[in-house]
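I sat down with this entry to look up its sheet, its helices, its salt bridges and a few single residues. My notes are kept in the order in which I looked.

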Amino acid sequence: MSNITTMIAEGRGKRLYATENPDEAVVYYRDETFAFHGLKRGRIIGKGEINNLICEYMFTLLTEKGVPNHFIKRIDNRCSLVKRVEMIPFVVKVRNIAAGSLARRMSVPDGTKLRNTVIEFNLKDDELEDSMVNVTHITAMQLATPKEVRRMEQMSYLVNEILSECMRDINIELIDFRLEFGRYKGQILLADEVSPDTCRFWDAATHEPMDLDRFRHDLGDVAEAYRDVLHRLTGNVLKNTEEEM
């Protein structure tokens, strides 16, 4: 990281740095942790390294399965090189089982199996509490074209199929997850991250959360749960390490 000094964006758990190549950027994964639209904050020691390694695995898998994304390569334990995309300012939420806000809105218990996969769109705006929008909102606000939205939906369903199978093989239920997309040279790419920060993972046997919900709801053993996901995916075991930056 010594030759990369210009930060161009900062998110809830990452920083994005410019490189000499205008088409590329470096993602730095932090231990900083946010929940409830930034109202709850903390640190999970080692989370940045774990998420970086999980994202390397996930994006590599998605590339192999035909999902175009921004990942180029992992640089070190906390940094990855990615394509520098123009981020689209809403997220796609993919829900297989009712949990969290969806369970409350549907007035059903957490863990209720949905008859079909639910796709939702939410603005990326903490002040508006990531308000839910539909396709007509998106096109009226000129956030994306109808063709781009359809492409994002298609990619989201495909990602769901791939990740559901992957997690099922390691005895983890994929409850729901959020995806972010960007534009790159006229193409829609999956971007951001795919990790326990952005996905709800439950142990298939115990139904215990293995994701950010452990931090949200003070369940404890947050880092251990993240490490368990990494270990099941890759066999890798990481020790606690302090954030470098």
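The entries below go from the sheet to the helices, then to the charged pairs and the last strands.

**Entry 1: the model and the open sheet**

I noted before anything else that this is a predicted model. I then traced an open sheet of five strands, which follow one another in the order β1-β2-β3-β7-β6 with antiparallel pairing. The edges are formed by β1 (7-10) and β6 (71-74), each of which pairs on one side only. From one strand to the next, I read an average twist of 25°.

I looked at the β6 edge in more detail and found that three bridges join β6 to β7 (residues 79-83), the two strands running antiparallel. In this pairing phenylalanine 71 stands opposite valine 82 of β7.

**Entry 2: lysine 73**

Is lysine 73, a residue of strand β6, buried or partly exposed? I found a relative accessibility of 47% for lysine 73, and the residue counts as partly exposed because that value lies between the 20% and 50% limits. Apart from its neighbours within four places in sequence, lysine 73 is in contact with Ser80 and Leu81. I also looked up its separation from asparagine 134, and the C-alpha atoms of the two residues are 34 Å apart in space, with their positions 61 residues apart in sequence.

**Entry 3: the helix across the sheet**

Helix α1 (residues 47-64) lies across β3 (24-29), β6 and β7, and I read its direction as about 130° to that of β6. A salt bridge joins the side chains of arginine 74 and glutamate 56, with 2.7 Å from N to O. The pair links distant parts of the chain, since arginine 74 belongs to strand β6 and glutamate 56 to helix α1, 18 residues apart. Both partners count as partly exposed, arginine 74 at 29% relative accessibility and glutamate 56 at 25%.

**Entry 4: other salt bridges**

I counted 25 salt bridges in the model. One of them joins arginine 12 to aspartate 130, with 3.4 Å between the closest N and O atoms. Arginine 12 sits in the loop between β1 and β2 (14-18), whereas aspartate 130 sits in the loop between β10 (112-123) and β11 (132-133), so that this pair links distant parts of the chain, 118 residues apart. The two partners are not equally accessible: arginine 12 counts as partly exposed at 34%, while aspartate 130 is buried at 10%.

Which parts of the chain does the pair of lysine 185 and aspartate 23 tie together? Their side chains meet in a salt bridge of 3.2 Å, N to O. Because lysine 185 lies in the loop between β12 (172-184) and β13, and aspartate 23 in the loop between β2 and β3, the pair ties together parts that are 162 residues apart in sequence. Here lysine 185 is exposed at 65% relative accessibility, and aspartate 23 is partly exposed at 29%.

I also noted a network, in which salt bridges that share partners join Arg95, Arg105, Glu120, Asp176, Arg200, Asp213 and Arg216.

**Entry 5: strand β14 and serine 195**

I turned to β14 (199-203), where five of the five residues are buried, so the strand is largely enclosed by the rest of the structure. Cys199, Phe201 and Asp203 point one way from β14, and Arg200 and Trp202 point the other way. Strand β14 pairs with β12 in the antiparallel sense over five bridges, and leucine 174 stands opposite phenylalanine 201.

Serine 195 lies in the loop that runs between β13 (187-191) and β14. It is buried, with a relative accessible area of 0%. A polar contact of 2.6 Å joins its side chain to that of glutamate 193. Beyond its neighbours within four places in sequence, I found serine 195 in contact with Asn51, Ile54, Cys55 and Phe201.

**Entry 6: helix α4**

Last, I looked at helix α4 (residues 146-168), whose 23 residues reach 33 Å from the first C-alpha to the last, close to the 33 Å expected. Its buried residues include Glu148, Val149, Met152, Met155, Ser156 and Val159.

Note on methods. Residues numbered from 1 in each chain as written. Predicted model: local features only at pLDDT ≥ 70, side-chain atom pairs only at ≥ 80, totals over all residues. Heavy atoms only, no water. Helix = DSSP H or I, 4+ residues; strand = E, 2+ residues; numbered from the N terminus. Expected span 1.5 Å × (residues − 1). Buried < 20%, exposed > 50% of the residue type's maximum accessible area, 1.4 Å probe, protein only. Polar contact = N/O pair within 3.5 Å; in protein donor to acceptor, adjacent residues only side chain to side chain. Contact = heavy atoms within 4.5 Å. Pairing = 2+ DSSP bridges. Axes fitted to C-alpha atoms, helices over the stretch in contact; angles between N-to-C directions. Salt bridge = Lys/Arg side-chain N within 4 Å of Asp/Glu carboxyl O.
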